[in-house]
Structure formats: structure tokens, C-alpha cells
Amino acid sequence: MGRKKIKNIIDQLIEFQKILEKKPPYQEMFSQIKMMNFKFKPIQGSLTKINFLDKDFIETLWSLGKLDEFFFKKINQIKSKKEKESFFNFFSQIYNKYQEKLNNIKPKLIEKTKESIDILEVEIFKNKKIKN
């Protein structure tokens with residue numbers, strides 16, 4: 001029975017990965033990102049001249065947000081240690097792929113500026129609502 005459960009959660013993750021690859025229209029992703037409650041904190045450099053409406057950035061951030069939602073929805077449904085371990089391993093591979101993609105996106109400047117960005121490091125996080 002344990003193997004079937006592990007296969008089931010991995011199958012769900014594979015199906016979810018297919019959903020991530022078939023992204024909705026840009027405007028829908030943008031609206032969903034607003035509801036995901038992301039926060040941006042500059043570590044080094046300035047965010048004032050960055051165009052955050054860039055399609056690659058929006059698609060990748062949307063994917064990471066959806067993965068985050070999937071994780072928190074499914075993790076409490078997994079009971080056995082072996083299932084959780086399999087889920088974590090497979091999930092981490094997918095998450096790391098999108099994290100790497102986000103790290104490699106070259107920030108695009110707002111068109112009015114001609115300056116270049118020397119160094120930019122940004123922490124992106126979500127405010128989680130804790131349920132009592």
C-alpha cells in the first residue's frame with residue numbers, strides 16, 4: 001500500500017508540473033501573482049528602475065508561487081516518512097529548476113532610463129497567514 005501512495009503523490013506532482021508548463025495568459029498570471037502576496041526586499045542595488053512586468057519574470061514567479069501553494073496543500077496530506085521523503089526529493093528538483101530560472105533572469109530596465117544595473121540582489125518572499 002505504501003508504494004501506491006508514494007506513486008500517487010508523485011503522479012500528482014507530475015500532473016501539477018504539466019499545469020505549470022501550460023501557463024495561463026499573462027494578465028491572468030499577473031492577477032494571480034498579486035493575490036499571492038509576494039514581497040520584494042532589495043539586499044543590494046535598487047529596485048526603482050527595474051521593470052517587474054517582464055514576461056519571463058512574471059511566468060517564473062507565477063510558477064514558484066503555484067508550486068508553493070501546491071506544497072502547502074499537499075504536505076499535510078502525506079502521513080508516512082517515506083512518502084514525505086519522496087515528495088520532498090521530487091518537489092525540490094522542480095522547485096530548484098524554477099529558482100535557478102529566476103536567478104538567471106536578467107532584470108530589464110524601465111525604458112525611460114538608460115542606466116545599467118551593476119549589482120542587484122533581491123529577496124522575494126511571501127507573507128504566510130498563520131491559522132490558529
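User: Why is Q17 called buried?

Analyst: Q17 has a relative accessibility of 18%. Buried means under 20% relative accessible area, exposed means over 50%, and partly exposed lies in between, with a 1.4 Å probe and protein chains only. Q17 therefore counts as buried. This is a predicted model, in which local features need pLDDT of at least 70 and side-chain atom pairs count only at pLDDT 80 or more, while totals for chains, interfaces and linings use all residues. Residues are numbered from 1 along each chain as its sequence is written, and side-chain values use heavy atoms, with hydrogens and water left out.

User: Where does Q17 lie, and which residues does Q17 touch?

Analyst: Q17 belongs to helix α1, residues 2-21. Helices are DSSP runs of H or I with at least four residues, strands are runs of E with at least two, and both are numbered from the N terminus. Leaving aside residues up to four places away in sequence, Q17 touches F90, I94 and K97; contact means heavy atoms within 4.5 Å.

User: What makes the span of helix α4 agree with its number of residues?

Analyst: The expected span of a helix is 1.5 Å times one less than its number of residues. For the 23 residues of α4 (residues 81-103) this gives 33 Å, and the end C-alpha atoms are 31 Å apart, which agrees. The buried residues of α4 are E83, F87, F91, I94, Y98 and L102. I94 is also one of the residues touched by Q17.

User: How do you know that E59 and K55 form a salt bridge?

Analyst: A salt bridge is a side-chain nitrogen of Lys or Arg within 4 Å of a carboxyl oxygen of Asp or Glu. The closest N and O atoms of E59 and K55 are 2.8 Å apart, so the pair meets that definition. Both residues are in helix α3 (residues 55-74), four residues apart, and are thus separated by about one helical turn. An α-helix has 3.6 residues a turn, so residues three or four places apart point the same way. E59 is buried at a relative accessible area of 13%, whereas K55 is partly exposed at 49%.

User: What makes K66 and E69 a salt bridge, and why is E69 called partly exposed?

Analyst: The closest N and O atoms of K66 and E69 are 3.4 Å apart, so the pair satisfies the salt-bridge criterion. K66 and E69 are three residues apart in helix α3, about one helical turn. E69 has a relative accessible area of 36%, and therefore counts as partly exposed.

User: Which parts of the chain does the salt bridge of D68 and K126 tie together?

Analyst: The side chains of D68 and K126 meet at 3.2 Å, N to O. D68 lies in helix α3 and K126 in strand β2 (residues 121-126), so the pair ties together parts that are 58 residues apart in sequence. Both D68 and K126 are buried. The structure holds four salt bridges.

User: Why is N37 called partly exposed, and where does N37 lie?

Analyst: N37 has a relative accessible area of 30%, so partly exposed is the class that applies. N37 lies in the loop between α2 (26-36) and β1 (38-44). Its phi is positive, about 65°, although N37 is not a glycine.

User: What is the secondary structure of the chain, and how much of the chain is buried?

Analyst: The chain has four helices and two strands, running α-α-β-α-α-β from the N terminus on. Buried residues make up 31% of its 132 residues.
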